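Hi,

Please find the structure below. My notes on what turned up in it follow.

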Amino acid sequence: MKRLYETPAYGPQGACWWAETVDDDTWPQLTGDLHTEVAVIGGGFTGLSAARHLARDGVSVTVLEAEHAGYGASGRNGGFCCLGGAKAPGALLRRRFGEDGARDWYACERAAIDTVARILDEDGIDADIHSEGETLLAHSPRAWAAMQDEAPQVAQDYGVDPVLTPRDGLRQQGLGGPWHGAMTIPLGFALNPRRYHAGLARAAQSAGARLYGQSPVTGLRRDGKWQLDTPQGRVTADTVILATNGYSAEDLPSWLRARTLPVQSSVIVTRPLTKDEQAAQGWTSAQMAYDSRTLLHYFRLMPDGRFLFGMRGGLRATSRANAAIARQIRADFHQLFPAWRDVEITHDWQGLVCLMANLTPFVGPVPDHPGLFAGLGYHGNGVAMASHAGALLADLVQGRRPAQYPAAMQAEPKRFPLGPYRRALLVPAYLAARAFDL
Ligand SMILES: Cc1cc2nc3c(=O)[nH]c(=O)nc-3n(C[C@H](O)[C@H](O)[C@H](O)COP(=O)(O)OP(=O)(O)OC[C@H]3O[C@@H](n4cnc5c(N)ncnc54)[C@H](O)[C@@H]3O)c2cc1C
């Protein structure tokens, strides 16, 4: 398998806090041959949600995961179940898909959050949820002015009333810090992603799905039916769903070549903060929050008092690049939350999100590949959108026209320029973003 990053990006998960919060959820390795109606490659939210919905509809479904349960981005994200999934700005969405197409996309973002809420409810999953919507914090006076200008458009796009809080009201709301104002959009909630993942896996299994770990698909071809090779087994399937997102290979299948741009994201988690420590910083809120920088920081105080803080990762995955990003994330954390400078950071990890050249996700049948479907490219916001994509794929595979399936996610993804060197595109993008964020 050809992949874009250095080997460590696909190595062990690192010191990920979430792994310590679930009971053993080991999936067996596939040995021998089996037939299934639908084979899913990748056991994250996309793959498991597809499997859960298909199995509940009585379809025989088998998930093949290369590593352990929760290995990919789904087991190591920030747990923001929120709006998002595309990077295309509103004006571009309107130009490409028309007013109705843009409206459909925004409705889909809302529906994606509802999909997760529905799964948690129907399957009785306790995922430590908190936060009433999401709060965007202005990092500069200019950003605060822009936020106030944009609020009416947000209200129109999502059909909710965002709440604007000026600088002098933030501390009172437990949102103390170097912010110039905030906008809270009352949609979404925070969750423990690994508990959600484990619950989703249990739900899929109890509906009849077969889940295998340590079973990388190393060969994929169509010979009447689809044949999937793993090191110890082989699966024959009528239909295949590709759910590998940022961990996709360039050549499995070759259609994927240069159609995704995986990007690293980094997270740190502190030990539980005492009430006094929280008060010293002025951050006592349970809101999930992010700042208005283009290269944004995202953070939240979790129910057990630990603080999670995330930002972009390095452009490379060498040990030198990883050490540099570990220093950078600590420096940014200490700059924004100086009262916690001496608080121990107990966990620290990175993972891969997935950008697309079209700046929108792709969910649907892969052109010119009968029986092959894909769901990927959530631009770092896939807790809700990947879960929703899985539900959409379950419908599409069964020949049903899904609800909340906007044109924006149906266009075949374009290839990025520069092929195997396309990470170089991120260098000017990051430099420009950094200058803009000043
Ligand atoms: C650090 C970080 C923080 C994030 N924070 C947030 C957040 O707060 N909110 C949010 O909405 N989104 C967040 N995201 C993004 C979100 O986690 C992803 O968009 C989402 O989990 C994607 O789910 P997925 O199932 O499509 O892919 P993944 O969860 O990445 O799963 C893909 C799986 O495919 C497997 N795979 C790859 N190749 C093969 C093969 N050949 N055979 C078998 N299996 C294979 C991989 O091992 C992997 O487990 C974050 C991501 C990262 C990395």
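**Around the ligand**

At least two residues of the shell around the ligand come from each of α1, β12, β16 (345-355) and α7. Bear in mind that this is a predicted model. Which element gives the most to that shell? It is α7, with four residues.

The shell counts 44 residues around the ligand. Gly44, Gly72, Gly78, Gly351 and Gly382 come nearest. By class, the shell has 22 nonpolar residues, 19 polar ones and three charged ones. Two domains contribute. Domain 1 (7-78 + 194-260 + 357-437) and domain 2 (130-189 + 263-355) each provide at least three residues of the shell.

**Helix α2**

α2 (90-122) falls short of a straight helix. With 33 residues, a straight one would span 48 Å at 1.5 Å a residue. Between its end C-alpha atoms, α2 spans only 33 Å. Where is the kink in α2 centred? On Phe97, with an angle of about 120°. After α2 comes Gly124, with a positive phi near 60°.

**Helix α4**

α4 covers residues 193-206, which makes 14 residues. From first C-alpha to last, α4 reaches 20 Å, close to the 20 Å expected at 1.5 Å a residue.

Why is α4 described as largely enclosed by the rest of the structure? Because 11 of its 14 residues are buried. Among them are Pro193, Arg194, Arg195, Tyr196 and His197. Ala198, Gly199, Leu200, Ala201, Ala203 and Ala204 are buried as well.

The cover over these buried residues includes α1 (45-56), α2 (90-122), β8 (210-212) and α7 (382-397). Two of those names appeared earlier: α1 and α7 each supply at least two residues of the ligand shell. The kinked helix α2 is also part of the cover over α4. Gly208 follows α4, and its phi is positive, near 115°.

**Leu256**

Leu256 sits in the loop between β11 (233-242) and β12 (261-270). Is Leu256 buried or exposed? The cut-off for buried is 20 or more other C-beta atoms within 10 Å. Leu256 has 20 within that distance, so it counts as buried.

Beyond its neighbours within four places in sequence, Leu256 is in contact with Ser248, Ala249 and Glu250. There is a long-range pairing to check on your screen too: Leu256 and Arg415. They are 159 residues apart in sequence, and their C-alpha atoms are 8.5 Å apart in space.

Best wishes

Terms used:
Residues numbered from 1 in each chain as written. Predicted model: local features only at pLDDT ≥ 70, side-chain atom pairs only at ≥ 80, totals over all residues. Expected span 1.5 Å × (residues − 1). Buried ≥ 20, exposed ≤ 12 C-beta atoms within 10 Å, placed from the backbone. Contact = placed C-beta atoms within 7 Å. Near = placed C-beta within 6 Å. Nonpolar A, V, L, I, M, F, W, Y, C, P; charged D, E, K, R; others polar. Domains from an automatic or database assignment. Bend = angle between axes of the 7 residues up to and from the residue.
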